[in-house]
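Student: Hey, I've just opened this one up. Can you walk me through it?
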Amino acid sequence: MRHRHPFLWSTLLLFVLGNALLISVYADQQESQAGSRIYQDYCRDCHGPQGYGRGALSPFLEQDPANLFSQFTQSKTDKELFLIIKNGGGLDMHGWADTFTDQQIGDLVQFIRSLP
């Protein structure tokens with residue numbers, strides 16, 4: 001009869017799960033960093049350098065840009081944020097479907113989620 005090593009198997013399982021979690025966290029960080037670069041290049045002028053909706057162009061817009069820290073913005077689902085970025089929203093927010101890939105829009109959503 002072979003001896004089973006429950007401690008070895010449970011240790012191995014914890015190792016695998018821990019690595020999977022680290023990979024997931026690393027992927028989220030990468031998406032957030034990519035989103036941060038996109039934000040700084042394309043979104044900062046309206047939404048402001050930190051995302052509070054007070055960018056250099058905001059005084060010239062019909063409607064105040066969204067405060068990305070606000071409960072109103074943060075309560076939206078990832079899909080809602082994705083669609084607003086892709087298709088536009090409000091009076092002045094045009095869609096970015098012709099500029100960004102779906103992956104880039106997803107990266108931008110991850111960046112917005114990392115703000116609060």
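Tutor: Sure: the chain has four helices and two strands, where helices (H or I, at least four residues) and strands (E, at least two) are DSSP runs numbered from the N terminus. This is a predicted model, so to speak of local features we need pLDDT of at least 70, side-chain atom pairs count only at pLDDT 80 or more, and totals for chains, interfaces and linings use all residues. Residues are numbered from 1 along each chain as its sequence is written, and side-chain values use heavy atoms, leaving out hydrogens and water.

Student: In what order do the elements run from the N terminus?
Tutor: They go α-α-α-β-β-α.

Student: What's the mean pLDDT of the chain?
Tutor: The mean is 83, and 72% of the residues reach 70 or more; pLDDT is the predictor's confidence in each residue, from 0 to 100. Among the elements, α3 has the highest mean at 98 and α1 the lowest at 67. Over residues 19–27 the pLDDT is below 50, and this stretch has zero contacts (heavy atoms within 4.5 Å) beyond near neighbours in sequence. Where pLDDT is low, the predicted coordinates should not be read in detail.

Student: OK, new topic. Which residues does Tyr-42 contact, leaving aside neighbours within four places in sequence?
Tutor: Tyr-42, which lies in helix α1, touches Trp-96, Thr-99 and Phe-100. Tyr-42 and Thr-99 are 57 residues apart along the chain, with 9.9 Å between their C-alpha atoms.

Student: Why does Tyr-42 count as partly exposed?
Tutor: Because its relative accessibility is 42%. Buried means under 20% relative accessible area, exposed means over 50%, and partly exposed is in between (1.4 Å probe, protein chains only).

Student: And how much of the chain is buried?
Tutor: Buried residues make up 25% of the 116. In α4 they are Ile-105, Asp-107, Leu-108, Val-109, Phe-111 and Ile-112.

Student: How much space is in the largest pocket?
Tutor: About 650 Å³. On a 1 Å grid over the protein atoms alone, a pocket is an open set of points where a 1.4 Å probe fits, with protein on both sides within 12 Å along at least five of seven lines; lining residues have an atom within 4 Å of a point.

Student: Which of the lining residues are closest to its centre?
Tutor: Out of 28 lining residues, those are His-47, Ala-66, Ile-84, Gly-89 and Met-93. The largest share of the lining, five residues, comes from α1.

Conventions:
Points joined across faces, edges and corners; volume = space filled by probe spheres on them.
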